[in-house]
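Biologist: Could you take me on a close look at one part of this model, the place where the ligand sits? I'd like one connected walk through it, with the contacts and the residues behind them.

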Amino acid sequence: EKGTYPHYMLKEIDEQPLVMRKIIQAYQNEKGDLDIAEDIIEAVKECDRIYIVACGTSYHAGLVGKQFIENMAKIPVEVHVASEFSYNMPLLSEKPLFIFISQSGETADSRAVLVQVKEMGYKALTITNVPGSTLSREANFTMLLHAGPEIAVASTKAYTAQIAVLAILANVTAQSRGLNDGFDLIHELGIIANAMETLCDSKEEFEKIASEFLPFTRNCFFIGRSFDYFVCLEGALKLKEISYIQAEGFAGGELKHGTIALIEDGTPVIALATQENVNWSIRGNVKEVVARGANPCIISMAGLETNDDRFVLPAVNELLTPLISVIPLQLIAYYASLHRGCDVDKPRNLAKSVTVE
Ligand code: M6R
């Protein structure tokens, strides 16, 4: 039930801090350490490469998950869009492990790949919000998101839950491989939950941004580098899906290879700047679009901010920034949809779970 909320989407955005805390609890053992099932740890340790397969928002979470697993557990990871996988099957490694990410656990494109790789004799782990879903039943292992039912077509809390669970998977397998670098993920996720709360309490700021930048625009660009780029892809999907504004997420450095031709007077460009090592370069990209008339909205992180920034996110661990930088983008999409009179929870032409290939 959505209770006093006008839309499920807003309720689900607000639930994100609570979901983070539930995930920490669900994956904690009696000693208070993060833990996952032994057979999953074994499967990850045995494999020589991980293939993440997913669609839409879950694919975007997979892009972040790849960085976690490679960074922490030092296992190479490829991320694939499910609908492309069967006919563009990559050359597989000797001992692959497949990870399917799916909120619903019912997405037909992902299931088709699962059936295919199982026939080939490979092991699969499904990360899903729905216990007993098709992808969960048909895989060898399951990790649950513990996000509670997600009703709005636009996925929000499932995305952050997927990222948190992928961080736990990466962290626990890193430890079991003796790669513990003292990273206290429980503590960091606690900080994330608090930062999420602060952002959920700042809704008017994001409503203002939406009404200032997006009420009449035909298109909108999201730019970022590194982790911010992945979040930009998600922010653009959110905006297109529920406000019908043509939106694209771009890697800051890729703009000049074509897309910058689309920048006109007043084109909104939302830039994320949460990564220290690329802070200077992304700000350079913002200058490039501003010189062509763009209307920039920079969202940065405390410690990296400048006077040009429209909103400054609370500081969190740099690896985990996608968990909080996505929240402004979810809320901006929500208010843009609302202001444009669209059906926020049930956008046209879309279903919550896509059960046809
Ligand atoms: O249930 P799944 O996670 O497998 O769904 C995948 C996509 O259909 C889904 O994420 C879709 O992109 C969302 N509507 C995006 O908000």
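Modeller: Sure, and one term first: a molecule sits in a pocket if more than half of its atoms lie within 2 Å of the pocket's grid points. By that rule, the ligand here sits in the largest pocket. Keep in mind that this is a predicted model, so every distance below is computed from predicted coordinates.

Now for the shell. The ligand is surrounded by 14 residues, and the closest are Ser-58, Ser-102, Ser-104, Thr-107 and Glu-241. By residue class, the shell splits into eight polar, four nonpolar and two charged.

On to the contacts themselves. Glu-241 puts a polar side-chain atom 2.5 Å from a nitrogen atom of the ligand. Ser-102 also uses a polar side-chain atom, which lies 2.6 Å from an oxygen atom of the ligand. With Val-153 it's the backbone that counts: one of its N or O atoms lies 3.0 Å from a nitrogen atom of the ligand. As for cover, the ligand taken alone exposes 410 Å², and the protein buries 91% of that.

Which elements give two or more residues to the shell? They are helix H4, running 56–73, and helix H11, running 227–243.

Let's stay with helix H11 for a moment, since you asked about the residues behind the contacts. Lys-238 lies in this helix. Its relative accessible area is 1%, and the cut-off for buried is under 20%, so Lys-238 is buried. The side chain of Lys-238 isn't left without a partner, though: a polar contact of 2.9 Å joins it to the side chain of Thr-57.

Ser-243 is in helix H11 too. It comes out at 2% relative accessibility, so Ser-243 also counts as buried. If you want a ruler from there, Ser-243 and Ala-294 are 20 Å apart in space, C-alpha to C-alpha, with their positions 51 residues apart in sequence.

For contrast, take a residue from another helix. Ala-26 lies in helix H2, which covers residues 16–26. Its relative accessibility is 37%, so Ala-26 counts as partly exposed. Measuring along the chain, Ala-26 and His-187 are 161 residues apart, while their C-alpha atoms are 15 Å apart in space.

So what would I keep on screen? I'd show the ligand with Ser-102, Val-153 and Glu-241, then add the Lys-238 and Thr-57 pair.

Note on methods:
Residues numbered from 1 in each chain as written. Predicted model: local features only at pLDDT ≥ 70, side-chain atom pairs only at ≥ 80, totals over all residues. Heavy atoms only, no water. Near = heavy atom within 4 Å. Polar contact = N/O pair within 3.5 Å; in protein donor to acceptor, adjacent residues only side chain to side chain. Areas by Shrake-Rupley, 256 points an atom, 1.4 Å probe, with all protein chains shown as cover. 1 Å grid on protein atoms, 1.4 Å probe; cavity = no way out; pocket = protein on both sides within 12 Å on 5 of 7 lines; lining within 4 Å. Helix = DSSP H or I, 4+ residues; strand = E, 2+ residues; numbered from the N terminus. Nonpolar A, V, L, I, M, F, W, Y, C, P; charged D, E, K, R; others polar. Buried < 20%, exposed > 50% of the residue type's maximum accessible area, 1.4 Å probe, protein only.
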